[in-house]
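Here is a short briefing on one protein model. Look at the helices first.

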Amino acid sequence: MKATLTTFFSVLALFLTVQYTIAQKLTVKQGDLKALSGETSLNVVYEYSPMGVGKFDREEDYLAKKVADYNEKEAGRGDKWKLSWIADRQERFEPQFEELFNKYAEKIKVGSNPSAAYTMVVKTTFTEPGFNVYVTRKNARIDGEVRIVKTSDPNTPVVVISFVNAPGRTFGGNDYDTGTRIQESYAVLGKNLGKMFSK
């Protein structure tokens, strides 16, 4: 019986790991990463607008609803939540993306480097915040595109890569905070994009 349970949980863990790993899809839509041959550093900037969130086509509508709901429960709570929602980008999502990208990309690093010849534009077009209410949960995820442009000519993409369903959750399940779940989405994106650049 003990061996059977051990086998079951081993298979379950493997299944969850595989699902978590392969859920994201990266597709080169334009250009070739060979264009960056010889480059060792990229500037990186982030775009979040326009962006859909959950069942809302516009982030503005999602924020208005959440702020109103939270403020109704506790005065000022919604306004404080909105500040955190925006601050998480610079404080959590972007550093996590860069840390994982730089860990897995072998020859090229990203960061704030305006003098670099090329700039990576990470544009998020959709965010599913997900939820975790102990007995049930929904993972976060993000969709969007990554554009590589000449820093001197930002309107002409050299490479365009779409990303779909970058999943966000922690394996321990202690991701009751929205920011924690979404942060993991950017970690997965950074990791898998870094691997793509290292090939």
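How many Å should the 21 residues of helix 4 span at 1.5 Å a residue? The expected span is 30 Å, and the end C-alpha atoms of helix 4 are 31 Å apart, so the two values agree. This is a predicted model, and the points below describe its helices and some of its lysines.

**Overall make-up**

- The protein has 4 helices and 9 strands.
- Read from the N terminus, the order of elements is α-β-β-β-α-α-β-β-β-β-β-β-α.
- The protein has 199 residues, and 41% of them count as buried.

**Helix 3**

- Helix 3 has 28 residues and covers residues 77–104.
- From its first C-alpha to its last, helix 3 reaches 38 Å. That is close to the 40 Å expected at 1.5 Å a residue.
- Helix 3 has a kink of about 50 degrees. The kink is centred on Asp88.
- Asp88 is also one of the buried residues of helix 3.
- Aromatic names recur in the buried set, including Trp81, Trp85, Phe93, Phe97 and Phe101.
- Gly78, Arg89, Glu94, Gln96 and Leu100 are buried in helix 3 as well.

**Helix 4**

- Helix 4 takes in residues 178–198.
- Helix 4 is mostly covered, with 17 of its 21 residues buried.

**Packing of helix 3 with helix 4**

- Two packed helices are described by the angle between their axes and the distance between the axes.
- Helix 3 and helix 4 pack at an angle of about 30 degrees, and their axes are 7 Å apart.
- Angles under 35 degrees count as roughly parallel, so helix 3 is roughly parallel to helix 4.
- The crossing of helix 3 past helix 4 is right-handed.
- The contact of helix 3 with helix 4 involves 12 nonpolar, 8 polar and 5 charged residues.

**Lysines**

- Lys65 sits in helix 2, which runs over residues 59–73.
- Is Lys65 buried or exposed? Lys65 is partly exposed, because its relative accessible area is 43% and partly exposed lies between 20% and 50%.
- Lys65 and Gly78 are 13 residues apart in sequence. In space, their C-alpha atoms are 9.3 Å apart.
- Lys199 lies in the segment after helix 4.
- Lys199 has a relative accessible area of 86%. The cut-off for exposed is over 50%, so Lys199 is exposed.
- Lys199 and Lys107 are 92 residues apart along the chain, with 9.9 Å between their C-alpha atoms.

Technical notes. Residues are numbered from 1 along each chain as its sequence is written. This is a predicted model: local features need pLDDT of at least 70, side-chain atom pairs count only at pLDDT 80 or more; totals for chains, interfaces and linings use all residues. Side-chain values use heavy atoms; hydrogens and water are left out. Axes are lines fitted to C-alpha atoms, for helices over the stretch in contact, and angles run from 0 to 180 degrees between N-to-C directions. Helices (H or I, at least four residues) and strands (E, at least two) are DSSP runs, numbered from the N terminus. Angles under 35 degrees count as roughly parallel, over 145 as roughly antiparallel, 65 to 115 as roughly perpendicular and the rest as oblique. A crossing is left-handed if the near helix is turned anticlockwise from the far one by less than a right angle, and right-handed if clockwise. Ala, Val, Leu, Ile, Met, Phe, Trp, Tyr, Cys and Pro count as nonpolar, Asp, Glu, Lys and Arg as charged, and the others, Gly among them, as polar. The expected span of a helix is 1.5 Å times one less than its number of residues. The bend at a residue is the angle between axes fitted to the seven residues ending there and the seven starting there. Buried means under 20% relative accessible area, exposed over 50%, partly exposed in between (1.4 Å probe, protein chains only).
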